Amino acid sequence: MRDLAICASLPPPEVDSLERYVSSVELQANAELARAGQPCRQAYSVTSGMLRLVRTLADARRQVVAFVLPGHFVGLSERAVHRHSVEAVVPSRVCAFELDGIRDLRERFPSFEHTLLQRACRDLDDAHDAMLLLARLSPLERLASFLLRLREQMKIRDDDPRMALPMGRSDIADHLGLTVETVSRSFTRLREQGLIALPDPQHVEILDAEGLSELASALH
């Protein structure tokens with residue numbers, strides 16, 4: 001917990017006191033951590049693995065709103081109930097923070113409040129990008145942008161072309177507002193254009209980052 005960026009904003013003695021409000025939760029792949037409509041009592045920080053935020057629309061379609069990577073928070077909201085279901089993409093571990101404890105620390109430590117505000121602003125920027133991605137970009141542009149954003153969030157070095165894709169094609173399709181068949185065809189087209197390689201379904205290699213950026217230039 002001490003290595004989480006959000007905890008680093010607290011004085012060391014207060015990190016110890018925060019442990020009173022924290023528990024560790026391990027999840028198997030596809031396990032549900034929270035369900036949309038349930039009361040919000042905890043927020044979660046991913047320490048390993050990956051989560052997805054899922055919203056089921058009125059017509060029963062499924063929308064993957066976001067993927068949550070290690071070091072990121074989910075569930076910090078002033079709402080009384082969860083807006084999204086929170087599920088594990090792969091076996092994952094999270095720190096579960098009691099919301100009452102987080103509210104107490106926000107009041108006592110301005111640096112902690114500032115860190116939370118920074119994260120909220122970043123999440124808002126990501127949401128704006130996602131809106132543009134779904135509204136304006138072609139399927140190929142959506143996939144190119146998704147791969148670049150995921151690579152940035154994973155903090156992969158520029159000289160390392162390999163990137164894990166823990167989520168399946170159906171998750172990517174539900175995130176990008178596409179069908180699974182369209183996502184598969186788009187991966188094939190990116191590979192045929194020499195922009196990526198696909199050594200296996202769980203990994204992608206970025207062979208031409210500049211070309212991929214040009215394709216996704218509407219968001220960059």
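Reader: Which residues touch the most other members in the largest nonpolar core?
Author: Keep in mind that this is a predicted model. The largest nonpolar core has 30 residues. Those that touch the most other members are Phe-146, Leu-147, Met-167, Ile-196 and Leu-212.

Reader: And which element gives the most to this core?
Author: Several elements give two or more residues to the core: strand S5 (62-68), H5, H6, H7 and S11. With seven residues, the one that gives the most is H5.

Reader: Ile-196 was on your list, so what is Ile-196 in contact with?
Author: Let's leave aside its neighbours within four places in sequence. Among its contacts are Arg-191, Glu-205, Val-204, Ile-206 and Leu-207. Ile-206, in S11, also stands opposite Ile-196. The rest of the contact list is Leu-147, Phe-187, Leu-190 and Leu-212.

Reader: How many residues are in the second, separate core?
Author: That core includes Ala-34, Leu-51, Val-86 and Ala-96. Its full count is 13 residues.

Reader: Back to H5: how do H5 and H7 lie relative to each other, parallel or perpendicular?
Author: Helix H5 covers residues 139-153 and helix H7 covers residues 180-192. Their axes are 9 Å apart, and the packing angle is about 75°. Angles of 65 to 115 degrees count as roughly perpendicular, which makes H5 and H7 roughly perpendicular.

Reader: What kinds of residues make the contact of H5 with H7?
Author: On the H5 side you'll find Pro-139, Leu-140, Leu-143 and Leu-147. H7 brings Thr-182, Val-183, Ser-186, Phe-187, Arg-189 and Leu-190. Sorted by kind, that gives seven nonpolar, two polar and one charged.

Reader: Is Ser-186 buried or exposed?
Author: Ser-186 has its place in helix H7. Not counting residues up to four places away in sequence, Ser-186 touches Pro-139, Leu-140 and Leu-143. Its relative accessible area is 5%. Buried means under 20%, so Ser-186 counts as buried.

Reader: What about H5 and H6, are they parallel or perpendicular?
Author: The axes of H5 and H6 come within 11 Å and cross at roughly 110°. The range for roughly perpendicular is 65 to 115 degrees, so H5 and H6 are roughly perpendicular.

Reader: Which residues of H6 make the contact with H5?
Author: From H5 come Arg-142, Leu-143, Phe-146 and Arg-149. Taking both helices together, the contact divides into four nonpolar, one polar and two charged residues. The H6 residues are Ile-172, His-175 and Leu-176.

Reader: How many of the residues of H6 are buried?
Author: Helix H6 runs over residues 169-176 and is mostly covered. The buried ones are Arg-169, Asp-171, Ile-172, Ala-173, His-175 and Leu-176. Out of eight residues, that makes six.

Reader: Which residue just after H6 takes a positive phi?
Author: Look at the place just after the helix. The phi there is about 70°, and the residue is Gly-177.

Reader: Which strands are the edge strands of the open sheet?
Author: The sheet has three strands in the order S9-S11-S10, with antiparallel pairing. S10 and strand S11 (residues 203-206) pair over three bridges. An edge strand here pairs on one side only, and that fits S9 (162-164) and S10 (196-200).

Reader: What angle does the direction of H5 make with that of S9?
Author: Within the sheet, neighbouring strands are turned by 30° against each other on average, direction ignored. H5 packs on this sheet and touches S9, S10 and S11. With the direction of S9, H5 makes an angle of about 90°.

Terms used: Residues numbered from 1 in each chain as written. Predicted model: local features only at pLDDT ≥ 70, side-chain atom pairs only at ≥ 80, totals over all residues. Heavy atoms only, no water. Axes fitted to C-alpha atoms, helices over the stretch in contact; angles between N-to-C directions. Helix = DSSP H or I, 4+ residues; strand = E, 2+ residues; numbered from the N terminus. Parallel < 35°, antiparallel > 145°, perpendicular 65-115°, else oblique. Contact = heavy atoms within 4.5 Å. Nonpolar A, V, L, I, M, F, W, Y, C, P; charged D, E, K, R; others polar. Buried < 20%, exposed > 50% of the residue type's maximum accessible area, 1.4 Å probe, protein only. Pairing = 2+ DSSP bridges. Core = buried A, V, L, I, M, F, W, Y, C linked by side-chain atoms within 4.5 Å.
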